[in-house]
Amino acid sequence: MTAAIVTLILLAGAAPADAPWHLAGWQERAVLAIPQPQADGEVDTAAVRILCQGQARPDGADFRLLDAAGQPVPFQVMFCEAPRYALVSFKASDPRQAYYIYYGNPQAGRAAEEIVADAKPGAGPPQAAWVPHYGLVLTTLRRPGGDDPPTAVDNPKNVAEMAALLAASPAKDGARCQRGIADGFNPFGSSDNYLSIYRGWLRLPAAGSYRFCTASNEASFSFLDGKELVHWPGRHTAERGERGEKNVQVELTGGWHYVEYYHEEVALQQMAFLGWSPPGAEQGRFSGLPEDVFPAPHEAVVAAYQTAAGPALHFEPTIVDTCWPESRHEGQYTRVAFNVADGSLAGANDAGEYRWDFGDGQTAVGRQVEHVYLTLGQFAVKLSVAGPAGERVAQWPLVIYEVQNVADALREGSPTEYAGLAASYDRGRLDAPALKELAHLFAEAGQTQTAIDVGQTFVDRFGGSRADLLPSVRRLMADGALQLGKGSLDEAITNYLASLTDDTPPAERFDVLARLIRLVGIDRDQVERSQEIFSQVEAAPKKGRLDEAGLAAYRDCLIAAGDVQLWHARRDEARTFYRKAEALAVRPVAAQVRAAQIGAYPNLLAEFIDSSDYGAALDVVDRWERTFPTEKLAGQTFFWRGKLLALRSQHEQAARYLARAVGLAPGAVFESEARWLLAMSLKALGRPDDARRELAKLLAAGFNDSFAARAKKELHPAGEK
């Protein structure tokens, strides 16, 4: 508990431990404080997020909010997902005093002082003597239909159909207070198949004629004071509304107005935006609603979670970062931090250990722990503490969803770090999909032998029951054997090809052959053997008999064959394969467009690197190389791939690509940075002599830039001659 919270509670006349238990029949309460009240003295609303974790009624009807004197306080439940948390806004007449939220009484009905809003779209503001004007709330829900095609549940064409979608939602993702109606992704769950609801008050600076516009990907509906504002129903993208084309003009008074905005998203691009053109603005010019029209409430925090017998136990998981495999276009690893909540059971109050069950067969001990989930899905997380007062248990239904982009609050992780966390996993308690992904994670982190060992565990446990997953595991094990140079090359190739059956789709068959061509020709340095494997590609169906996916995979085999030639300094032979692949493009790129696209790639990559979105950047490199494979001859794509792998701490792979980049393009604009990154990767791999040689080459090349300066400092630290 922070000193500020303690001071505020003491000012209220009682510390949490000394306050009487006000309500018999209620099992838990949260003691609230407002550490930093808003400077605006008119603010009479506080908002708080409390962890109820299954202790409250599903509909939140048992909430009671009391002031420091134990008197009822008006409040509104803005969001309630009882297994996890709730958002509550309440009247804070005196922000210096403590407040109490009680919950955990299944027999309780709603309190008379609770403000209950009509959830129907367009119902308008809640009706009560006092309502919480401060605090706009964004809530997202799962869209009915899940991962089914969009036609499974049509895009709503009117408000009634939107209301039906909302009512049929199978689950809530989450909610928060924010100061604007503008989002390009779902901050609480998957950004596919979700619904957004924005409800709250805006305060207009003056009366006048206002224009409002919407820009949404899929349908959106908005209301002001319970009246239609601007609707854009049906299936569409945001582009046709990005300049304010979907707008309306309304005459409004200054002061408070209740706004509602509803949005549905199916797949691909996400966008929900309500903008305006206030009086005096340039004609036809729209902008986002500024934060100051959505005044913030006092931010209350939980100073203590309590039961009538003493401290309660609560925790919250937080997704820290996520990581996508670089070598395949499937899978996701997700790191989650688990912390006992502030104001919850403290270590000083209980001598017991904190024991975590992560819901995937793995466990840990500690007050603060991290865990990497290998697959997507819902996991029943459990925390138990055994102490003098007996065992206490808290649970959380954690959803690991598909993350499509990283943002300020969610970084991209490192396979190397993840592999370190997963090194102690009990492999015997992982299910088949998770065990398969564990093998891939170790391979991604460069721990090839460990990946093979995990693969063997999979074969031993699931070889006879998971025929759907077995081929990919056997291929991974064969990959590892080829990379390590273990066993007979003929045996490895035979085992690899054995994973292909008559039922293997052409696209998958070509993907496997492309991977094998690279492994044999590059990792095993057997150019002729790789050409023998390529002959199987040539014997397969050609362009006229392949669908688009099959043709793309066939092109990748041509590119793989070119890669082998390029890796062995046969530039002309490589160029022949690359040109053939480009000629087979499903959608050929015109010459005048080609230069523009190639020129745009570095800028796009730099933007993704600035936002630490290395997975998206690697996808760009993949697209660059697949679309224009002849560009590999210039070494630039190898440089970018090596740089990104170094940023992900995948130094072994990074060193290979960076070394190839400087070898292909001596004197290129990226050479000094490539040599510096190569040296740093070699140093990270425990090869300091090789690193120093690369730094010496950097300086010998005559560069006079920041990387040369770093190289000098690295080679000649201060005081060393």
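**Exercise 1.** Which strands does helix 3 lie across, and at about what angle does helix 3 run to strand 22?

*Solution.* The model is predicted. Step one: locate helix 3, which spans residues 415-422. Step two: list the strands beneath the helix; helix 3 lies across strand 21, strand 22 (333-340) and strand 25. Step three: take the angle, which is about 60 degrees between helix 3 and strand 22.

**Exercise 2.** Give the strand order of the open sheet that contains strands 21 and 22, and explain why strands 25 and 28 each have one side without a neighbour in the sheet.

*Solution.* The sheet has four strands in the order 25-22-21-28, with mixed pairing. Strand 25 (368-373) and strand 28 (411-412) are at the edges; each has a single partner strand, so one side of each lacks a neighbour in the sheet. For strand 28, the pairing with strand 21 (residues 315-323) is parallel and consists of two bridges. Within this pairing, T322 stands opposite E412 of strand 28.

**Exercise 3.** Determine how strand 10 is joined to strands 7 and 15, and whether strand 10 is largely enclosed or not.

*Solution.* Start with strand 7 (residues 136-142): six bridges join it to strand 10, and the two run antiparallel. In this pairing, L141 is opposite L195 of strand 10. Next take strand 15 (residues 255-265), which is antiparallel to strand 10 and joined to it by eleven bridges. Here R199 has E260 in strand 15 as its bridge partner. Last, consider burial, for which the cut-off is under 20% relative accessible area. Nine of the eleven residues of strand 10 (residues 194-204) are buried, so the strand is largely enclosed by the rest of the structure.

**Exercise 4.** Is D479 buried or exposed, and which residues does D479 touch beyond four places away in sequence?

*Solution.* D479 belongs to helix 6 (residues 470-484). Its relative accessible area is 11%, so D479 is buried. Leaving out residues up to four places away in sequence, D479 touches Y496, R515 and L519.

**Exercise 5.** Work out how the buried residues of helix 18 are arranged around its axis, and what covers them.

*Solution.* The buried residues of helix 18 (residues 706-715) are F707, A708, A711 and L715. Viewed down the helix axis, they fall within an arc of 100 degrees and therefore line one face of helix 18. Their cover includes helix 16 (671-684) and helix 17 (688-700). F707 has a further role to note at the start of helix 18: its backbone nitrogen lies within 3.2 Å of a side-chain oxygen of D705.

How values were computed:
Residues are numbered from 1 along each chain as its sequence is written. This is a predicted model: local features need pLDDT of at least 70, side-chain atom pairs count only at pLDDT 80 or more; totals for chains, interfaces and linings use all residues. Side-chain values use heavy atoms; hydrogens and water are left out. Two strands pair if DSSP finds at least two bridges between them. Contact means heavy atoms within 4.5 Å. Axes are lines fitted to C-alpha atoms, for helices over the stretch in contact, and angles run from 0 to 180 degrees between N-to-C directions. Buried means under 20% relative accessible area, exposed over 50%, partly exposed in between (1.4 Å probe, protein chains only). The arc is that of the directions from the helix axis to the C-beta atoms. A polar contact is a pair of N or O atoms within 3.5 Å; within protein, one must be able to donate a hydrogen and the other to accept it, and residues adjacent in sequence count only if both atoms are side-chain atoms.
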